[in-house]
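Here is a short tour for someone meeting this structure for the first time. Keep the sequence and the 3D view open while reading.

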Protein chains: 2
Amino acid sequence: MADADAPERPLANGQTRVDFQTAPARYRHWKLAIDGEVATLSLDVDEKGALFEGYELKLNSYDLGVDIELADALERLRFEHPQARVVVLRSGKPRVFCAGANIRMLAGASHAHKVNFCKFTNETRNGIEDLSESSGLPTICAINGTAAGGGYELALAADYIMLVDDGSSAVALPELPLLAVLPGTGGLTRVADKRKVRRDHADFFCTTEEGVKGKRALDWRLVDEVVPGSKFENTITARAKEFAAKSRRGAAGAGIALAALTRTFTPGGVDYGSLAVAFDRGGRTATITLRGPAAPPPASAEAMLALGAQFWPLALARELDDAILHIRLNEFDVAAIVFKSSGDPAEVMAYEEFLDANKDHWLTQEIRHLWKRVLKRVDLTSRSLVTLIEPGSCFAGTLAEIVFASDRSYMLAPSLPAAASGGRSGRGHDGDNKPPATVALTAANFASFPMSNGLTRLASRFLADPAALETVKAERGKLLDAARAQQLGIVTFALDDIDWDDEVRVFLEERASFSPDGLTGLEANLRFAGPETMESKIFARLSAWQNWIFQRPNAIGEQGALKRYGTGQKPVFDTRRV
Amino acid sequence: MADADAPERPLANGQTRVDFQTAPARYRHWKLAIDGEVATLSLDVDEKGALFEGYELKLNSYDLGVDIELADALERLRFEHPQARVVVLRSGKPRVFCAGANIRMLAGASHAHKVNFCKFTNETRNGIEDLSESSGLPTICAINGTAAGGGYELALAADYIMLVDDGSSAVALPELPLLAVLPGTGGLTRVADKRKVRRDHADFFCTTEEGVKGKRALDWRLVDEVVPGSKFENTITARAKEFAAKSRRGAAGAGIALAALTRTFTPGGVDYGSLAVAFDRGGRTATITLRGPAAPPPASAEAMLALGAQFWPLALARELDDAILHIRLNEFDVAAIVFKSSGDPAEVMAYEEFLDANKDHWLTQEIRHLWKRVLKRVDLTSRSLVTLIEPGSCFAGTLAEIVFASDRSYMLAPSLPAAASGGRSGRGHDGDNKPPATVALTAANFASFPMSNGLTRLASRFLADPAALETVKAERGKLLDAARAQQLGIVTFALDDIDWDDEVRVFLEERASFSPDGLTGLEANLRFAGPETMESKIFARLSAWQNWIFQRPNAIGEQGALKRYGTGQKPVFDTRRV
């Protein structure tokens, strides 16, 4: 291994992996309270509840463990509390809002952890905005003390920011002056592009340790309202009422319970029910097999509600999300994720039809929004992504998005012409009798799942040729065989079984042989053609610069600012501007 | 200094600084030939002509010195050859086009040099595109062998790419598989966003050492035409004729000669005539003082042509460009560039009026396009930028763009109210009798100088408030004093002389105390609010990822791919995906 990076740090309490599953009853840092239309999310960090050994979470600072609870709470708001019409985001501690990401945690974390921690917190903040935009559930943020660094970045994800005007409470992004790093959770992008703070004001703000308070914070657009301490609680209540009144949300009935996922961890992988992960650690691959539905869709929306978290599209989305996060944070050595599927594409299509038929139901909407976010998480996963479309697979509708999210796809063509095999049977490459590989598209592929660039995966794919996109669109509802899929341009290579094994093996070996960093940078550039959005800017411009700085000796060297913070010793910098 | 980066390498032939000034008679690597409407730029690199010691430029590979000649040739095409209507970009060597950036050069360069080398080559390629878009002079690229890495990236800047179809010539981006770095000169962005290559094809292409040739290169949109060897020369001639016929360019008369800049280097700075640079090496600042015109504008376009390179707006733009590049590549320790100006704003405004009155003349157009590019170069300079607007300064029209390109501006307000001083006189902070500081805007500030995001600096500045932009626009032509300028929001701080010295000193000391890397990342995020373009994507997403990779041990460590290339030893990678 070339010039070792910091090793992975031991998890606290003898845990062996970062677990993204939690539930409100187990939260140590957040409280989720529902009072009629108003949901309140309170941050009250347990200092002793750090995810890793070696630091305490002082001053409502956070680590990945804290953010996992927040992400869980947001999912529960979506699915368990459809009546909520506004979220109040606040601190559970007096006179402090949130001090941001814990500095000791950052100083001791491996580069891979730091980068993936920031990616997850960014996805969670984007999720807060998606909750408002897609689900009609706005967030108002009440800052009762100082919101510094990641604390202010959390506030920036809200629709409305209130700051108490007490002569000391402030908003601040002190990362650069204090730690020689950037606010890496979207702060710079949201200051520039969401709040549209004038660039010289932003420059001043981001280089001022103590931040900005009171009227200047308001004048400079850093907050939406400053409120005297004596009126703070009443104003929060009033604003919550106003936002709730404007919300288009509010289902008639109750939500559904997000039961804990059923997972079986073995040395070789994880089985989830609708999905399985198998590791080939020598080959540095993780194979994720998505399983089609075991039963036809329910007869009605009521029956779907009764199924709740067991409803196949929801179960699969939650399992895929957990599997991707597990690989990201616990299996750093995986070079490539291989996607496969098994099932009957016609049954998957039946579910797509069910979702379309009930497209105005809050639950089907939430399920599609969840898939949208999970697929974005796949796009942003820094592992090579490949889909193998084999006989017996069911890449149809929503599942076909996995094909388009992949860096490449390989599709096995029948050895005999499809016509001769009757179109539904034929020899698989292992001599079994599975039906030949097909891909099938539905309306969802052309509208429901925008990437972070704002375009669908198919629109991004056919950026050069909108007519080709229209041709593909006309094929909705058909089971497309390998020859047709290649002709349409929706798979990379269609191969017969003479070439299949060698081509796939060589590809995966090649991927494992390349520089992991080079691949990360390459894929981050090639996956997102077309327009940029605030979201894509966060993951491209901001994250890339932050990753760079997270490697620089001025931050992480023995004399660097992140290492020396709190030691009383000043950092020593290489003064060359790069 | 924290964990030292590679030191700066010695320049070849005992040179003491990288010099961006050259002329066709001194070119060692490029030939510029003009034949009627057809300009031919031929790359024929002198292996022994490297800029630094320690490597040879084999196979038409390049270093910064080669690219300085290309950038010079492009300026000469603009100003000296207004009759040219098409550029043929080709190799002067048989069976090889260009092997890209020299690997030994990259392996031994300091991080600061690598990053600034890539920035300059990117600016030059963007300049090729600007030549087509703004000056109506398209480039066709004739690839007679293999165009690899930066060689293909150079081709990608052209409007039309021809590849000889001889069974071996190919286009390739082998950086990742060979060197564990990215194609860093816009290649990934242009493949995805200019040529709109399908992402799976792009993935295949960028991970294949030998590249893609013949029909596949055409089918995948990597080139525009493949041509049999026997027809190659005739086809180049034919295509040149076609592009020339469509060009809107073609001035009636001759061009103007770009005479060598007159520069006086001293230990403390550089004097150029219309501009001076003064270094405060202890304070880590470079002060650039822009001097207003010494004479009124010429009486006519003919008189402007007669002045040629001595015409003040042209002279100043060329000098500013050279000064910025000198600081970037030779003065890495400069933390902040302080812009000042001296002169009569009314005289500057008179030049603006002259340019407007002659706005259809090819030379005024080229001058404004040059300013556009130079100002973009300022935007992309990774040093803190501050403008000090003091009595006797002349930040008017084009020069006012410097104020808006800065991270902050400070403007000295008169000690007495402006009204009492008659508006044109008053005490300066040093007790002299200079006229009080003013800023003045012209139509050019609202249209002529888009940033890389496609917006003017004022539009970017007032992204939050288009009405404020309109208010500012209504003030065109007026000399705006400090109070009014601050009220309008076009300067950051207006200060009286009681606060001036301390505020400015503290700001500059603070800037020098911060992490140079942190500032680079911060400024790269805050300077470019609003939309993204292919150009801004190159400098944000692509450059930031490349900079990250240029720091990673997998590339630059002793066992990394860049260091081990050509040694016969395979690189050893840290396999963690980040």
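A polar contact is a pair of N or O atoms within 3.5 Å; within protein, one must be able to donate a hydrogen and the other to accept it. One such contact crosses between the chains: the side chains of B:Asn554 and A:Asp517 are joined by a polar contact of 2.8 Å. The model shown here is predicted.

B:Asn554 sits in helix H21 of chain B, residues 553-556. With a relative accessibility of 2%, B:Asn554 counts as buried.

**Two sheets in chain A**

Start with the sheet of 6 strands. It is open, its pairing is mixed, and its order is S1-S2-S4-S6-S8-S10 in chain A. Strand S1 (30-35) and strand S10 (225-228) of chain A stand at the edges with a single partner strand each, so one side of each has no neighbour in the sheet. On average, neighbouring strands of this sheet are turned by 20° against each other, direction ignored.

Look inside this sheet next. Strand S4 (residues 86-91) and strand S6 (residues 139-143) of chain A run parallel, joined by 4 bridges. A:Arg90 has A:Ala142 of S6(A) opposite it. Helix H9 of chain A, residues 232-246, packs on the sheet. H9(A) touches strand S2 (38-43), S4, S6, strand S8 (160-165) and S10 of chain A. The direction of H9(A) makes about 170° with that of S8(A).

The other sheet has 8 strands. It is also open and mixed, with the order S11-S12-S13-S14-S15-S16-S18-S20 in chain A. Strand S11 (264-266) and strand S20 (493-495) of chain A are its edge strands, and each pairs on one side only. Neighbouring strands of this sheet are turned by 20° against each other on average, direction ignored. Within it, strand S15 (residues 336-342) of chain A runs parallel to S16(A), with 4 bridges between them. A:Val338 has A:Val386 in S16(A) as its bridge partner.

**Strand S15 in chain B**

Now turn to chain B. Strand S15 of chain B, residues 336-342, is mostly covered, with 5 of its 7 residues buried. Strand S14 (residues 285-291) of chain B pairs with S15(B) in the parallel sense over 7 bridges. There, B:Thr285 has B:Ala336 in S15(B) as its bridge partner. S15(B) also pairs with strand S16 (residues 384-389) of chain B, again in the parallel sense, over 4 bridges. B:Val338 is matched with B:Val386 in S16(B).

**An enclosed helix**

Is helix H20 of chain B enclosed or open? Of its 16 residues, 15 are buried, so H20(B) is largely enclosed by the rest of the structure. H20(B) covers residues 534-549. From first C-alpha to last, H20(B) reaches 21 Å, close to the 22 Å expected at 1.5 Å a residue. H20(B) bends by about 35° at B:Ser543.

**Two buried arginines**

A:Arg383 is found in the loop between helix H13 (362-379) and strand S16 (384-389) of chain A. With a relative accessible area of 1%, it is under the 20% cut-off and therefore buried. Beyond its neighbours within four places in sequence, A:Arg383 contacts several residues, among them A:Phe332, A:Asp407, A:Glu523 and B:Arg577. A polar atom of the A:Arg383 side chain lies 2.7 Å from the backbone oxygen of A:Glu331. A:Ile327 is 56 residues away along the chain, yet its C-alpha is separated from that of A:Arg383 by 9.3 Å.

A:Arg408 lies in strand S18 of chain A, residues 408-412. At 3% relative accessibility, A:Arg408 counts as buried. Leaving aside its neighbours within four places in sequence, A:Arg408 is in contact with residues of chain A including A:Thr387, A:Phe493 and A:Glu510. Its partners in chain B include B:Asp200, B:Asp203 and B:Phe204.

**Positive phi**

Two residues other than glycine have a positive phi: A:Asn60 and B:Arg221. The table sets out where they sit.

| Residue | Phi | Place | Relative accessibility |
|---|---|---|---|
| A:Asn60 | about 55° | loop between S2 and strand S3 (61-62) of chain A | 0%, buried |
| B:Arg221 | near 70° | loop between helix H8 (214-219) and strand S10 (225-228) of chain B | 37%, partly exposed |

Key: Residues numbered from 1 in each chain as written. Chains lettered and ligands numbered in written order. Predicted model: local features only at pLDDT ≥ 70, side-chain atom pairs only at ≥ 80, totals over all residues. Heavy atoms only, no water. Pairing = 2+ DSSP bridges. Axes fitted to C-alpha atoms, helices over the stretch in contact; angles between N-to-C directions. Contact = heavy atoms within 4.5 Å. Buried < 20%, exposed > 50% of the residue type's maximum accessible area, 1.4 Å probe, protein only. Expected span 1.5 Å × (residues − 1). Bend = angle between axes of the 7 residues up to and from the residue.
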